Every structure is written in structure tokens, then in C-alpha cells.
Amino acid sequence: MRRIYLKTFLITLAAFGATYMLLVFSSRISSELYSVVGILFAIMAPAALVLSGRRKFSTFARNMFGIVSGLFLWGFIGEFLEVRNHLIIADSSYLPVLLVLVSLLVIMLLQNGLRLSYGFAFGHFAGIWSLHMWMIYQYEHLGKTHWSTYVSAGTALILGILAIYLSKKYRRTGRKMALSLTSLLLLWTVLEYVWGWRLIPGPYAI
């Protein structure tokens, strides 16, 4: 069962890296190629979501399709459209929309009104959105080196480690994968703060 946590973490991390690199390098090569990559994410997100509902796949595979679906959705809406200035959902004005999405997601999951794999898809998207919105709010209104950024990074690090610890206490595939994804998102957030502090170059600085 420990392999489930590690496999989820590594596959998702690889998908994160590939998504960021595709966006970064395509934007450096040409506007047309960047558009192709953005459209590709727009197609792959619902395609992966459909695959996550196919019963012929294992529980692990269905949930992984859900996780990458949420990532591709963020790549299109949260990254591609933001760069194109069509839609900037990281702005605090979209907080009510995010709160409604999270509330509906929690209610549906608690009432078993949503496939777990779909929950991974929309939960992943909402998780990235939430963490990104908070970070952008800090950077724009307080500053990249404001004391609150260090508190946020420290909190994310502690919670990420806690998620790793808690994953050892569960045997169910879904819970282990959820904790693995949670730890990755939190630890990735710490990395984002480090990039923001200019301690190491971020992907868009390459």
C-alpha cells in the first residue's frame, strides 16, 4: 500500500513538471506553439475525465486520470488563459466562485453524489486554484518577501509533512492517493514561494 502513495506522488509530480515545461518552452518558441499547447490541455482535460469514469480501469488508474484531468484543466484555465489575459481566476474577485465550487464539491463527496475519480479531478483543480490565489494575493497586496509569505510557506511545509505521516495510517487506495496529492500540492507551494523569493530560479526564469 505504501507504493500507492509513492506512485501517486511521482506520477503527479512528473505531470506537473511536463505541464509547466510545455507551457514555458512553447511560450518562448512562438505564440502559435503556445496556443497549440493551450488547446491541447483544453482537449486532454475532459478526455482524461472521461477515462477516469471507465470501470475497466483499476481504482488507482481511474483516480490518476482524475488527478491529471484537474491538472490539465488548471494548465488551460489557470495558466494559458491567464497569460493570454482572457481569464485571471487567481484574482481575489473570483473568490466567491471558488468558494461555491469547493462547497459543492465537499457536499457531493460527503453524500456520495460524485465519483471519487471526478472528485480527484475537481478537487485537484480547486486545490491548485486556492493555493495559487492566496499566493498571488500576498504577492500583489503585501509583497513577495512580506513576513506572511514565510508563515504561509512554513505552514504548507508542516501540513505537507503531516499528510505524508497520515498516509501511513490508511490502507484505502482513495485516501492514500488523496493524502499523496495533498502533500505534493503543499510541498509544491513551498517551492513556489522559494521561486518567488528568488532563492532559486523558477521555470519562467529559465
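This passage describes helix α3 and its surroundings, a nonpolar surface patch, and the segment after α7 in a predicted model.

Helix α3 comprises the 25 residues from 59 to 83, and its length was compared with the value expected for a regular helix. At 1.5 Å a residue the helix should span 36 Å, and the C-alpha atoms at its two ends lie 35 Å apart, which agrees with that expectation. The agreement is accompanied by a kink of about 30 degrees, centred on Trp-74. Most of α3 is covered, with 19 of its 25 residues classed as buried. The helix is followed by Asn-85, for which phi is positive and near 60 degrees.

Within α3, Asn-63 was examined in more detail. Its relative accessibility is 2%, and because residues under 20% are classed as buried, Asn-63 belongs to that class. Setting aside residues up to four places away in sequence, the contacts of Asn-63 are with Leu-116, Ser-117, Phe-120, Gly-174 and Met-177. One of these partners, Gly-174, is located in helix α7 and is likewise counted as buried, since its relative accessibility of 15% falls under the 20% cut-off. With the same exclusion of sequence neighbours, Gly-174 touches Leu-116 and Phe-120 in addition to Asn-63, and both Leu-116 and Phe-120 also appear among the contacts of Asn-63. Gly-174 is further related to the beginning of the chain in space: its C-alpha atom lies 9.4 Å from that of Ile-4, although the two residues are 170 positions apart in sequence.

On the surface, Phe-25, Ile-29, Leu-33 and Val-36 form a nonpolar patch whose members together present about 370 Å² of accessible area. Two helices contribute to this patch, α1 (residues 2-29) and α2 (residues 31-51), each supplying at least two of its residues. Val-36, which lies in α2, has a relative accessibility of 51% and therefore counts as exposed, the cut-off for that class being over 50%. As general background to such an arrangement, an α-helix has 3.6 residues a turn, so residues three or four places apart point the same way.

The segment that follows α7 (residues 173-196) contains Arg-198. This residue adopts a positive phi of about 65 degrees although it is not a glycine. Arg-198 is also exposed, because its relative accessible area of 63% is over the 50% cut-off.

Terms used: Residues are numbered from 1 along each chain as its sequence is written. This is a predicted model: local features need pLDDT of at least 70, side-chain atom pairs count only at pLDDT 80 or more; totals for chains, interfaces and linings use all residues. Side-chain values use heavy atoms; hydrogens and water are left out. Helices (H or I, at least four residues) and strands (E, at least two) are DSSP runs, numbered from the N terminus. The expected span of a helix is 1.5 Å times one less than its number of residues. The bend at a residue is the angle between axes fitted to the seven residues ending there and the seven starting there. Buried means under 20% relative accessible area, exposed over 50%, partly exposed in between (1.4 Å probe, protein chains only). Contact means heavy atoms within 4.5 Å. Patches are made of residues with over 30% relative accessible area and no salt bridge: like charges are joined within 9 Å, nonpolar side chains (Val, Leu, Ile, Met, Phe, Trp, Tyr) within 5 Å. Accessible areas come from the Shrake-Rupley method with a 1.4 Å probe; for residues, only the protein chains shown count as cover. A salt bridge is a side-chain nitrogen of Lys or Arg within 4 Å of a carboxyl oxygen of Asp or Glu.
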